[in-house]
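Reader: I've got a structure open and I'd like to learn how to read its packing. Can you walk me through it?

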Amino acid sequence: MSKIQSFFKSKKGQRALIIVGFSIIPLILLLVFTYYPFLEMIKFSFYNMRYAGARKFVGFKNYITLFNKREIAGSLVLSLYYMVGAVIQISIALYLATILSMKVRMGGLFKGLIFFPFLINGIAIGFIFKFFYTRGFVLDTVLSWIGFNMETLPYWLKDQAINNWSLVYSSFWKYLGQNMVLFIGAIMSVDAALYEAAELDGANKFQQFRYIILPSIKTIVTLNIILSITGSLSAFEAPYVITSGNNGTGTFFVVMNKIAHTDQKVGLASAMAVFLLVVILICTLIQKLLFKYIFRNANTDDESLKAKKAREKEAKAKLKAIKAEQKALKAAKGGN
Amino acid sequence: MQAKTAKIKPSKIVHHYTLSHYIWIIVKYASLLLFSFMAVIPLVSCFVTAFKDDVEYQSTNVMTPPVSWVNFSNFIKAFQTANMGNAFKNSAIILICVLLISTIIGTQLAYVLNRFAFPMNGLIRNLFTFAALLPGIAMQVSVYSIMLHLHLVNSLYGYIIMMCGTDVISIYIYIQFFENLSTSLDESAIIDGASYWTIYWRILLPLLKPAIVTSCILKGAGTYNEYYCAMLYLQDKTKLGTVATSLYTFTGPLGSKYNLICAGVIISFIPALIVFIACQKQIYNGIAAGAVKG
C-alpha cells in the first residue's frame, strides 16, 4: 500500500497519473463513438438485420446487393455533379481569394458577405433554397430582370435535366466563402516582400499570381481538390434538406440514410458505408503518396517533428543543467 | 539605337499598363459585386418576404419590398408555432455543456500529447487523425444502435455526450498553440514545486485563451447548426427540439407559407450572425487553422 502511495507521490507516478487522467475521457469517447461503431459497422455489413430483433448472418450477400441495385449504382454517378461543382468552387474561391488578398476597397465587407452562408444551419438552407427555386419566385425573378422569359424556365428542383445542378449550386453557395477564407489564409502567409519585389520588377497581377501565389499555395489547393473528391462521394446535405432525395437527386449517403433509418435494412446500409469508407481511404492513401513523392517540400510534418525533438533535447539539457546547479547550491549550503 | 528605344518604350509601357490596370480594377470589383450579390440574394429575398402578411405575400412578387418593414407578426407567429423559445433553451444548454466539456478534455489531451513523450503518444495522435477520415453520416448507422443500447436516445445528455467527442481540428489548434509556449514555463514551475495539474490549470490554460476562443467559436457554430444527429437522437421534437430542428415544424401543411418560414429561418440564424459580426477575425483564423490539419 505504502509502496503504491509513494509511487503516486514520486515524479514518475505523478507523470503517469496526469497522462492517464488527462487522456482517458477523450479516448473513451473516441473508442465508444468512433472505433467501436466502426468495427460494429463492419460486422453488421455481413448480417441481415434491423436495429431490434433477430439478426441473420448472410456473408457477402449485402455487398452483392450493393452492386446489383440500380438505385445505389445510380446514386454514385450523381457524385460526378458534385465533383464538377467542387472544382468550379475551388477555382472561383482561389480567384476571389487572390483579389481579396490584394488592396481592395471594402474588402472586409465582400469577404463577410461571401462567407456568411457557411454559418447558416442545414435545415434553414433547405428552406431558403426550396423558396429560391420555387416557380416564379427568387431565381425566376432575378433571371427575368436580365431578360429571360419566365415561361421558358425549367422547374429547378423537379426537372431531372437540371435539378442536380440546382442542388450543387446550393452547396457551392454555402461553401464558397469557407474555401475562399482558407485560401486567403494561405496566401497571406506568403512573404509580402516577394510581392513588392515582383511589383518593382514590373510583374503584372497575372504573373504575380502565376509565379508567386500559385507555387506557394499549390499544396493546399491540391489538398482541397483531393478532399473535394471524397467530399463529393459523401455529398449529403443539399439533396437531404432540399429535395429529400426525390426526383433522381438521391446521392449515395441519402440513399444509405433512407435504407438505414426508414427501411431499417441496417446490414445493407452498413455494407454501403463500408464500401464508401474503403473508397475514401484509397483516395486518402493516393493523396498521401502523391504528397510524399511529388510535393517533397510539403513534408513539413516531418520537419516539425525533427525540430520538436531537437527542442525537447535542448529542454532536457537545460533541465539537467538547472538540476546540477541546484545540487551544487544545496551542496554549498550543506557545506556551510 | 538603344537610347532611342529606351525613349519610346516607357511611354508605351506606361500607357499599356494603365489601360490593363483599369480593366483589371473593373473586372476585380465586378466579380466581387457579382459573387456578393449571389451570396446575398437568397437571404435578401427571405428578409423581404418575412415582413409580408398573408395577403401581401400571395399578391406580390417575392422580390417586391414589403409595405411595412416593422410588421413583426410573422416573427412572433413563427417563434410560437415552432416552439422556438424552448428550442433556444435546449440549444443553449447543449452549447454550454458541449463547449465546456470539450474545451476541458481537449486542452488536457493536447497538454499531455504535447508536453510528455510516452509510448502511446503517436498512436493516440494517429487514432484521432484517422477518425477524421470517417464520414460522420456513414458512422451513424452503427452509432445509432450503440446509442440505443446505452439508452442515450431521446435525452439531452445523451446527445451532449455524443457531441463532446473531441474533434481533431480543435486538438490540432491546441497542440499548435502549446508548441509555441516555451517549456521553460513548465520547468520553472516544477522547480517551484508545482504539480502538473497546477501547471496545466494555473499557467498554461490562461495562456491558451486565444486558441480556446478560436476553437470554441468553430465548435460552437458546428454544434449550434448540427441537425442530423439532433433529428436522429432527439426524437421528441416538442420537448427536445434544438433551434436547427425546430424549423422542421414548417414542413407539411405549413410548407408553402414562406412568409412564416422565412421569419423562422431568419430567427434561427440571427445568433450566428451576431457572433459572426462580433468575432469575424477568430472565425477566419479558425477556418485557416482547420486547413493546416491536412
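Author: Start with how helix packing is described: axes are lines fitted to C-alpha atoms, for helices over the stretch in contact, and angles run from 0 to 180 degrees between N-to-C directions. Helices (H or I, at least four residues) and strands (E, at least two) are DSSP runs, numbered from the N terminus. A bit of bookkeeping: this is a predicted model, where local features need pLDDT of at least 70, side-chain atom pairs count only at pLDDT 80 or more, and totals for chains, interfaces and linings use all residues. Residues are numbered from 1 along each chain as its sequence is written, with chains lettered from A and ligands numbered from 1 in the order in which they are written.

Reader: At what angle do helix 13 of chain A and helix 6 of chain B pack?

Author: About 145°, with the axes 9 Å apart; the helices span residues 266-293 and 136-149 respectively.

Reader: And which residues make that contact?

Author: Two residues are in contact if their C-beta atoms, placed from the backbone, lie within 7 Å. Helix 13 of chain A brings A:Val266, A:Ala269, A:Ser270, A:Ala273, A:Leu276 and A:Leu277, while helix 6 of chain B brings B:Ala138, B:Val141 and B:Ser142. By class that's seven nonpolar, two polar and no charged residues. Here Ala, Val, Leu, Ile, Met, Phe, Trp, Tyr, Cys and Pro count as nonpolar, Asp, Glu, Lys and Arg as charged, and the others, Gly among them, as polar.

Reader: How many residues does each chain put into the whole contact?

Author: Chain A and chain B give 73 residues each. On the chain B side, helix 1 (residues 2-50) gives the most, with 13 residues. That side has 54 nonpolar, 17 polar and two charged residues.

Reader: How do I read a nonpolar core, and which residues have the most contacts inside the largest one?

Author: Think of a set of buried Ala, Val, Leu, Ile, Met, Phe, Trp, Tyr and Cys residues joined through C-beta atoms within 7 Å. Buried means 20 or more other C-beta atoms within 10 Å of a residue's own (exposed is 12 or fewer, partly exposed in between), with C-beta atoms placed from the backbone. The largest core has 149 residues, and A:Phe183, A:Met256, A:Met272 and B:Val265 have the most contacts inside it. Its largest share, 14 residues, comes from helix 8 (residues 163-188) of chain A.

Reader: What does A:Met256 touch?

Author: Leaving out residues up to four places away in sequence, A:Met256 touches A:Ala269, A:Met272, A:Ala273 and B:Ala138.
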